[in-house]
Amino acid sequence: GSSGDGTSGSVKVTSGHAHSAESGNITLLSESSSSGISGHVLVATGSSATGSSGKINIKTGSSSSKSGSTTVSTGDGALEAGKLLVAAGSSNNEGKGGAILLMSGNGGTVGGEIMVSSGNGINESGGMISLSSGSSEAATGGHVSIKTGNGASSGPIRIATGIAHSG
């Protein structure tokens, strides 16, 4: 419900509990369309006039063995597959734009990996990977820093082109 001065009501959706088997699933799904566009699914927090807007957290639960994975993907398309956009918000005033952080987990033996790869092209070129920093009209443009971690011996940086099958 709404609230004039205090906190408005919460909505909590939970699946059933299980002692020894798999707990219940929660499925949020829009229906298919035969000829038009299928329905959209929007997950959003409300805006705030003076404070911070709400957060959205998507995470799997912890486990004594292996925690679950999180997958965010678009569907396949016969002509063109959907795009996956990850974008931070802008600041309209003299503030700072939002950051995007990609971080892998720490490990007792080996730390987690971050892999960035583009798709293969069957009849034309493979997908491009572009890494660029932002521009500035009055100050210095953003930096691009590629660095290996510290260790008994530091890790290598390898930059190589692919093998040409012809030409």
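This short talk goes through the chain as a whole, and then through a few of its residues.

Good morning, colleagues. Please keep in mind throughout that the structure before you is a predicted model.

I begin with the overall form. The chain contains zero helices and zero strands. Its radius of gyration is 23 Å, whereas the globule rule gives 15 Å for 167 residues, so the chain is more spread out than a compact globule. Along the principal axes, the C-alpha atoms occupy a box of roughly 65 × 50 × 50 Å.

How much of the chain counts as buried? The figure is 0% of the 167 residues. The contacts tell us about the path of the chain as well. Taking those with a separation of 6 or more, residues 24 or more positions apart contribute 0%. As for the surface, the chain exposes about 16600 Å², and 49% of that area comes from carbon and sulfur atoms.

Let me turn to the nonpolar part of that surface. Val72, Leu84, Val86, Ile100, Leu102, Ile114, Val116 and Ile129 together make a nonpolar patch of about 830 Å². One of its members, Leu102, has a relative accessibility of 64% and therefore counts as exposed, the threshold being over 50%.

Next, the charged side chains. The count of salt bridges comes to one. Which residue is the partner of Glu80? It is Lys83, and the closest N and O atoms of this pair lie 3.0 Å apart. Both ends of the bridge are open to solvent probing: Glu80 is exposed at 58% relative accessibility, and Lys83 is exposed at 68%.

I now come to two individual residues, starting with Gly24. Its relative accessible area is 36%, so Gly24 is classed as partly exposed, between the limits of 20% and 50%. Leaving aside residues up to four places away in sequence, Gly24 touches Ser15 and Gly16. Leu85, by contrast, is 61 residues from Gly24 in sequence, and their C-alpha atoms are 30 Å apart in space.

The second residue is Ser133, which is likewise partly exposed, with a relative accessible area of 32%. Which residues does Ser133 touch, once those up to four places away in sequence are set aside? They are Gly142, His143 and Val144. With Gly142 there is also a polar contact, in which the side chain of Ser133 reaches the backbone oxygen of Gly142 at 2.6 Å. Lys96 lies 37 residues from Ser133 along the chain, and the C-alpha atoms of these two residues are separated by 15 Å.

To close, I return to the chain as a whole: this predicted model has zero helices and zero strands, and 0% of its residues count as buried. Thank you for your attention.

Conventions. Residues are numbered from 1 along each chain as its sequence is written. This is a predicted model: local features need pLDDT of at least 70, side-chain atom pairs count only at pLDDT 80 or more; totals for chains, interfaces and linings use all residues. Side-chain values use heavy atoms; hydrogens and water are left out. A salt bridge is a side-chain nitrogen of Lys or Arg within 4 Å of a carboxyl oxygen of Asp or Glu. Buried means under 20% relative accessible area, exposed over 50%, partly exposed in between (1.4 Å probe, protein chains only). Patches are made of residues with over 30% relative accessible area and no salt bridge: like charges are joined within 9 Å, nonpolar side chains (Val, Leu, Ile, Met, Phe, Trp, Tyr) within 5 Å. Accessible areas come from the Shrake-Rupley method with a 1.4 Å probe; for residues, only the protein chains shown count as cover. Helices (H or I, at least four residues) and strands (E, at least two) are DSSP runs, numbered from the N terminus. The radius of gyration is taken over C-alpha atoms; the globule rule is 2.2 Å times the number of residues to the power 0.38. Contact means heavy atoms within 4.5 Å. A polar contact is a pair of N or O atoms within 3.5 Å; within protein, one must be able to donate a hydrogen and the other to accept it, and residues adjacent in sequence count only if both atoms are side-chain atoms.
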